[in-house]
Amino acid sequence: AGYYQINASVLFDTNGTCPDIYISLYKNNSMVKMGRRLNASSGGNLTLDYLSLDVNAIVYLNGTTDYIEIFGYASLVGGVSTAPTFGPFTNQANVYCSGFYIRPA
């Protein structure tokens, strides 16, 4: 049991579109923190082909039943025909997650 530094990153292939994308950190099926979010209505046109979103937080875990999940989200918006996807690679380079014990409770 104690406090942990949790870090995660997801690489998106935006296909040069204007997607709605975000990354979130969950503890026990409840959102702890949403990382950077981009969407078409607030971000304008996105011309980058690849975009990495990150989320970082210090989270208390009880050492027995608590668990962490990382979610990435991508969708079509603005009438574009090619949906964003999770990165251009076929290996683990698209998603990164780490957790480090900081101190006891």
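Start by selecting valine 10 and leucine 53: valine 10 stands opposite leucine 53, which belongs to strand β4. Keep in mind as you look around that this is a predicted model.

**Along strand β1**

Now select residues 2-13, which make up strand β1. Is this strand largely enclosed or not, and why? Nine of its twelve residues are buried, so the rest of the structure largely encloses β1.

Next, add residues 50-61 to your selection; this is β4, and twelve bridges pair it with β1 in the antiparallel sense. For another facing pair, pick isoleucine 6 and look across to alanine 57 in β4.

Then bring in residues 95-103, strand β6, which runs antiparallel to β1 and is joined to it by eight bridges. Here, tyrosine 4 is the residue to click, with tyrosine 101 of β6 standing opposite.

**The sheet as a whole**

With those strands highlighted together, you have an open sheet of three strands, antiparallel in its pairing and ordered β4-β1-β6. β4 and β6 stand at the edges with a single partner strand each, so one side of each has no neighbour in the sheet. If you rotate the view, look for the angle between neighbouring strands: on average they are turned by 15° against each other, direction ignored. As background, strands of a sheet pair through backbone hydrogen bonds, either parallel or antiparallel. Another thing to look for is that in a regular strand the side chains alternate between the two faces of the sheet.

**Into the nonpolar core**

Show side chains for Phe12, Ile21, Ile23, Leu25, Leu53, Val55 and Val59. The largest nonpolar core has 13 residues, and these are the ones that touch the most other members. Which elements give two or more residues to this core? They are β1, β2 (20-27) and β4. Of these, β4 gives the most, with six residues.

Stay with valine 59 for a moment. Beyond its neighbours within four places in sequence, valine 59 is in contact with Gly2, Tyr3, Tyr4, Ile6, Leu25, Lys27, Val32 and Ile68.

**A stop at glycine 35**

Select residues 30-38 for strand β3 and find glycine 35 within that strand. Is glycine 35 buried or exposed? Its relative accessible area is 15%, so glycine 35 is buried. Serine 24 is eleven residues away in sequence, yet the two C-alpha atoms are 5.6 Å apart in space. Setting aside neighbours within four places in sequence, the contacts of glycine 35 are Ile23, Ser24, Asp54 and Val55.

**A loop with polar contacts**

Move on to aspartate 66, in the loop between β4 and β5 (68-75). What joins the side chains of aspartate 66 and asparagine 28? It is a polar contact of 2.6 Å. A polar atom of the aspartate 66 side chain also lies 2.7 Å from the backbone nitrogen of asparagine 62. Neighbours within four places in sequence aside, aspartate 66 is in contact with Lys27, Asn28, Tyr60 and Leu61.

**Last stop: confidence**

Finally, colour the model by pLDDT. The protein averages 79, and 65% of the residues score at least 70. Confidence is highest in β6, at a mean of 92, and lowest in helix α1 (residues 40-43), at 51. Where pLDDT is low, the predicted coordinates should not be read in detail.

Methods
Residues numbered from 1 in each chain as written. Predicted model: local features only at pLDDT ≥ 70, side-chain atom pairs only at ≥ 80, totals over all residues. Heavy atoms only, no water. Buried < 20%, exposed > 50% of the residue type's maximum accessible area, 1.4 Å probe, protein only. Helix = DSSP H or I, 4+ residues; strand = E, 2+ residues; numbered from the N terminus. Pairing = 2+ DSSP bridges. Axes fitted to C-alpha atoms, helices over the stretch in contact; angles between N-to-C directions. Core = buried A, V, L, I, M, F, W, Y, C linked by side-chain atoms within 4.5 Å. Contact = heavy atoms within 4.5 Å. pLDDT = per-residue confidence, 0-100. Polar contact = N/O pair within 3.5 Å; in protein donor to acceptor, adjacent residues only side chain to side chain.
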